[in-house]
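Trainee: Could you take me on a close look at the empty spaces in this structure, and at the strands that go with them? I'd like to know what lines each one.

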Amino acid sequence: MTIRNKHDLFEIAGTTVPPGKAADIAIPVSDLSAGMQANLEVRVFHGKRTGPTIFVSAAIHGDEIIGTEIIRRVMKKLNASRMAGTVIFVPVVNMFGFITHSRYLPDRRDLNRSFPGAEKGSLASQLAHIFSTEIIGHCSLGIDIHSAALHRYNLPQIRIASGNAELKDLAIEFGAPVVIEAELRPGSLRALAREAGVDMLLMEAGEALRFDEFSVLTGVNGILRVLRKLDIIQTKRLGKRGAPPAQATKTAWLRSTKGGICRLMAPSGTKVHKGDVVAIVSDIFGEGEEAIIAPDDGIVIGHSNLPVVNQGDALLHIAQVRVFDTVGERVEKIEDALYSDQLLDEDEVI
């Protein structure tokens, strides 16, 4: 991790933040059609003590708002005068999609396929460029928070690049139910970060345009655990993890074999065996039932919330796990831990 002198000012987008202080900074992005300025809004916690610089971001896809709530709650718990290093929070990266409840930008581009971007490119490219230079360029680690698409739900999970033992330790420390070593996609934030030598934890949790408390608490607790692991904060109140996460390197989507009505048998968090019936699809009269079968032992990490399906629609996302026998208890133990007194009180500052 990058270490700085504790007496240094932290500079971002031409603004300096003294040690032990927090500051809100608006980084200009573009002019809106009506003439108003669109900004990338960030809050910087610049600790008094030496430590790494990291970022936590959300809503790269504008409708994936669960991370915005997670960041809001984490920031309430922090006091820069008690911290080491620097944390840059970006609650909403794609402010255009956030306002319009859309995954994309006004130019219909996917921001998470637009990195590293270009200063004179499309709107998506400009925003990607600003994030790359002003945020990623400062940091040695990033935590980026996503959700499932509209009408789908993701079990809270951490995705990392393979072959990085230090990053895997942080992913396990986060304490989500599942850790997945996943391939990087060209043009994504994770791919750019890797090229820049910045480690990335990608959290997937919940559903687009919705909050659910399990996902929010998993994210809040997980980020605080990572900050503690990096010695950015010091607290004993978080306690130990409820259970170690399941680990996976391979996942598969199961799709509907016909159009009709789907009855889901195994929602997210369910342990499944190879050959289990995980969903049943029938026509609108309830006839012609077809079973959807689990292809492997594993845990369901995502599912569709929409029972009306067409042939080929994605129904469930299953992760093959390395240690299967205890998977069934993992989600329950983690949920019990999250709702116990291990989580800091809402107004407790660290």
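Mentor: Let's go through the pockets, then a cavity, then the strands.

Before we start: this is a predicted model, so local features need pLDDT of at least 70 and side-chain atom pairs count only at pLDDT 80 or more, while totals for chains, interfaces and linings use all residues. Residues are numbered from 1 along each chain as its sequence is written, and side-chain values use heavy atoms, leaving out hydrogens and water.

How do you find a space at all? Rolling a probe the size of a water molecule over the atoms shows where empty space is left. Here that's done on a 1 Å grid over the protein atoms alone: in a cavity a 1.4 Å probe fits but cannot get out, while a pocket is an open set of points with protein on both sides within 12 Å along at least five of seven lines. Lining residues have an atom within 4 Å of a point. A volume is the space filled by probe spheres set on the points, which are joined across faces, edges and corners.

Now the largest pocket, which holds about 760 Å³ of space. Its lining has 28 residues, and the ones closest to the centre are Arg113, Arg159, Arg185, Glu204 and His317. Four elements each give two or more residues to that lining: β8 (152–160), β9 (178–181), β10 (199–206) and β11 (246–255). (Strands are DSSP runs of E with at least two residues, helices are runs of H or I with at least four, and both are numbered from the N terminus.) Top contributor to this pocket is β11, with five residues. Sorted by class, you get 11 charged, nine polar and eight nonpolar residues in the lining. For that sorting, Asp, Glu, Lys and Arg are charged, Ala, Val, Leu, Ile, Met, Phe, Trp, Tyr, Cys and Pro are nonpolar, and the others, Gly among them, are polar.

Next comes the second largest pocket, at about 260 Å³. It has 16 lining residues, with Asn39, Glu41, Val42, Val92 and Met95 nearest the centre. Strand β4 (37–46) and helix α2 (95–100) are the elements that supply two or more of the lining residues. The largest share is from β4, which gives six. The classes here come out as 10 nonpolar, three polar and three charged.

What about closed spaces? The structure holds two cavities of 30 Å³ or more. Let's look at the second largest, which is about 30 Å³. Its lining is made up of Lys250, Thr251, Ala252, Pro295, Asp296, Ile318 and Gln320. Both β11 and β18 provide at least two of those residues, and β11 provides the most, with three. By class, the lining splits into three nonpolar, two polar and two charged residues.

So we've met β11 twice, in the largest pocket and in this cavity. Now follow β18 (residues 314–321): four bridges tie this strand to β16, and the two run antiparallel. (Two strands pair if DSSP finds at least two bridges between them.) In that pairing, Ile299 stands opposite Ala319 of β18.

Strand β16 (residues 298–304) deserves a stop of its own. Seven of its seven residues are buried, so the strand is mostly covered; buried means under 20% relative accessible area, exposed over 50%, and partly exposed in between, using a 1.4 Å probe and protein chains only. Another antiparallel partner of β16 is β8, joined by three bridges, with Asn154 facing Gly302 of β16. You'll remember β8 from the lining of the largest pocket. Then there's β13 (residues 271–272), which is also antiparallel to β16 and held by two bridges; there, Val272 has Gly298 as its bridge partner.

One more strand to compare: β14 (residues 277–282). Why is this strand described as largely enclosed by the rest of the structure? Because five of the six residues of β14 are buried. On one pairing, β12 (residues 260–264) runs antiparallel to β14 with four bridges, and Ile261 partners Ser282 of β14. In the other, β14 is joined by four bridges to the antiparallel strand β15 (residues 290–293), where Val277 sits opposite Ile293.
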